[in-house]
Amino acid sequence: MERCLTELEARPENRELLAEIFRSVHTIKGTTGFLGFSRLESLAHAGENLLGLLRDGKLLANVDIISGLLALLDILREILGSIESKGQEGNGDDAAMIQRLHALQHDSSSSSADNSQPVPPIKKKRTRKSKTSTPAAIVSVPDAEIVKPQEKNKAIEVYQAEPQTAQMRAGVNMAESTLRVDVDLLNRMMNLVGELVLTRNQILQMVSTDANLTVLSRRLDMVTADLREAVMKARMQPVSHVFSKFPRMMRDLAQQLNKRVRLVMEGQETELDKSLLEAIKDPLTHSVRNAIDHGIEVPYLREAAGKGPEGILRLRAYQEGSHVVIEVSDDGGGMKVERIRDKALERKLITRERAAQLSDRELMQLIFLPGFSTAEAVTNVSGRGVGMDVVRTNVEKIGGKVEIDSRPGKGTTLRLRIPLTLAIVPALIVHSRGQSYALPQGALSELVHLSSEQVQTQIEWMEGVPLYRLRGKLLPLVFLGSLLKQQDQADKSPEAYIAVLNAEGRRYGLVVDSLADPEEIVVKPLSSVLKRIGLFSGATVLGNGEMALILDPGAIATQSNIGMALEDDESEVLDADLKDGSAEYLLTQSASEHVAVPLDNVLRIERIPRTQMEWLNGMPVLRFDGTLLPLKDRTGMVAAGSPEEEMTVVVCRDGERHVGVAVSQVLDVGAGKPLTEAGTDTATLDAILLKDRVTSIIDLRHIPALPSARPAHDDPRETLQSDAAVEVLA
């Protein structure tokens, strides 16, 4: 009802909105009257009279009427909450509210009569010819008069009831296909699925050496993945449940601040776990209030800046990989880093020496400090310095990240990255001095292998801080063993791996001894003793039955004093490098040849045992989560290699489909420059200059597509395929 009222203010002649609001109030009035709740009945009756005038076209909704109906809705919601919790309506004087609703009827009716121009009726509404059409008669129409209408009025009532009847039928059909389930039951199901995932991981590792159990283990893997997806989907809810409260809040706040704001909501069908949806309500509320209060200017300032008097506040939700991204953006004045620095110094949140060392990007992060606010005075809207602090704290509690982009005079975008679920997450298993740890893949950018010689020559030290030069840029390093104060091992391998992480804009490399296969891990809570360490976000059980702690990349960056990455400067350098038309490529080696794949098309890199490869119509394929991935062999060793060996597969995007390319090894990432044929200006399509070497480009379009499914039920080949599938499953 609240959503309908806010929409009605923008579309006052919309017949469907008026009918839906009227039905809601009429239902409350009839039900509460039957149950003996006289206070609710009186309020609903007064609201129904006003809505009746709007529905009949005798009044047109304006700001005052919508405000009055929203105030009525607040009181109705409060009384209904009291009835739900205490079984009573509670004591309260509603005379002022009822008088306000009556005044809106009479004032609007008198104004219409003085102007001698009746409000145009809603389209498709037939005009009633009644001799007693006075406002007083409308306010106090006895029930007996409604039961016995004239024949003409009866036809009108039947015409209006048709949408309601259709909606009731749709509701019945929906009720037959849905079932209410207690949240505790869903939580228990999720916990059981987590235990099943752990058991599956252990079984997969145990049967890897037994060929007889390989088929059964793959079937178990597929069923477990499908069951996990089904249970996770049952816990999902669309973000519209949270977005729906913002139109009312935006309207009230804009009126309070004398601003004109239009709210645009996109991606409301995007789904998120119910527990996470509850956790982001407060961060989103603070973000929206902050955008209206600090971001969007008052109309005269917007017009002076060459903008329209009405500001635009945009809420957008979309899924990106294993995260849901929610953006709160405005077209206001943007953030001025000088003002942020001055306010931080004024409130003594940082020292002048520290402020002089911060980049513009780091200065923007100061708005998340407790106690920071740019408001000149404390009001009931802002000024206490708790809003943005709540946003970051609550989002990080659920494993999310907060990003902010702002351009002076153009606007600000606040981006919340929320994981789809906290129960089961993909992680890379790393080893440090004999211990196993889980590293969430959401923060992992890339991996770099260093031989024993490269460890000695390519890791640089500056004032006691280790650095690694990655593609010409210095990357701060954190040695996991030293951070955890682990003891050295005599048989420790001299080589190392660098996991390049991006934790809330802080980019660094985590140095570990070795890597294991990625796993889907089940997150378990930590004990109070381990929580105090501050470097771990949870614990899990690995496939081999070993316990492993889950590393927190953000906490590691904080304890290691890793600063914000200068992404703005990096992007300027990248733009300068790419002005000549070059682009970034993944450099790989296939047999004795160097080949490249456009980095924008690369989804992930997998190390897969050859036993997982299968054949379909003479084409090698891989199975991932119940889907088939066509494979292109660039090594010539896919069929000839030993089944126990592992192969490197680069999973790429070719349009809407995904394909795999088997390579010998992944070498590097670099910017490739186009080449032209001698004597012409024609650029070569399948070769570039990469790392000062001519490198061929893999054309993903040449990888054959899999045979498409045929929907014809009378096709004998489909019957044979179905029989074969049943035989395999049997």
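## Ser329 in strand S5

Ser329 belongs to strand S5, which covers residues 323-330. The model is a predicted one. With a relative accessibility of 13%, Ser329 counts as buried, because the cut-off for that class is under 20%.

Leaving aside residues up to four places away in sequence, Ser329 is in contact with Ile312, Leu313 and Arg314, and also with Thr412 and Thr413.

## The five-stranded sheet

An open sheet is built from five strands, and their order is S16-S8-S9-S18-S17. Pairing within this sheet is mixed. The edge positions are taken by strand S16 (514-522) and strand S17 (536-541). Each of these two has a single partner strand, so one side of each has no neighbour in the sheet. From one strand to the next, the twist averages 35°.

Strand S8, residues 424-432, runs antiparallel to S16, and seven bridges join the two. One residue pair can be named here: Val425 has Ile521 in S16 as its bridge partner.

## Helix H9 and a nonpolar surface patch

Helix H9, made up of residues 183-206, lies across three strands of the sheet, namely S8, S16 and S17. Relative to S16, the helix runs at about 145°.

Leu185 is a residue of helix H9. Its relative accessibility is 45%, so Leu185 counts as partly exposed, a class that lies between the 20% and 50% cut-offs. Leu185 also takes part in a nonpolar patch on the surface, together with Leu179, Val181 and Met189. The accessible area of these four residues together is about 390 Å².

## Two non-glycine residues with positive phi

Arg433 is not a glycine, yet its phi is positive, at about 55°. Arg433 sits in the loop between S8 and strand S9 (435-440). Its relative accessibility is 17%, and Arg433 therefore counts as buried.

Asn258 likewise has a positive phi, near 60°, and is a residue other than glycine. The loop that holds Asn258 runs between helix H12 (246-256) and strand S2 (261-266). Asn258 has a relative accessibility of 61% and so counts as exposed, the class for values over 50%. Of these two loop residues, then, Arg433 is buried, whereas Asn258 is exposed.

How values were computed
Residues numbered from 1 in each chain as written. Predicted model: local features only at pLDDT ≥ 70, side-chain atom pairs only at ≥ 80, totals over all residues. Heavy atoms only, no water. Pairing = 2+ DSSP bridges. Helix = DSSP H or I, 4+ residues; strand = E, 2+ residues; numbered from the N terminus. Axes fitted to C-alpha atoms, helices over the stretch in contact; angles between N-to-C directions. Contact = heavy atoms within 4.5 Å. Buried < 20%, exposed > 50% of the residue type's maximum accessible area, 1.4 Å probe, protein only. Patch = residues over 30% accessible without salt bridge, like charges linked within 9 Å, V, L, I, M, F, W, Y side chains within 5 Å. Areas by Shrake-Rupley, 256 points an atom, 1.4 Å probe, with all protein chains shown as cover. Salt bridge = Lys/Arg side-chain N within 4 Å of Asp/Glu carboxyl O.
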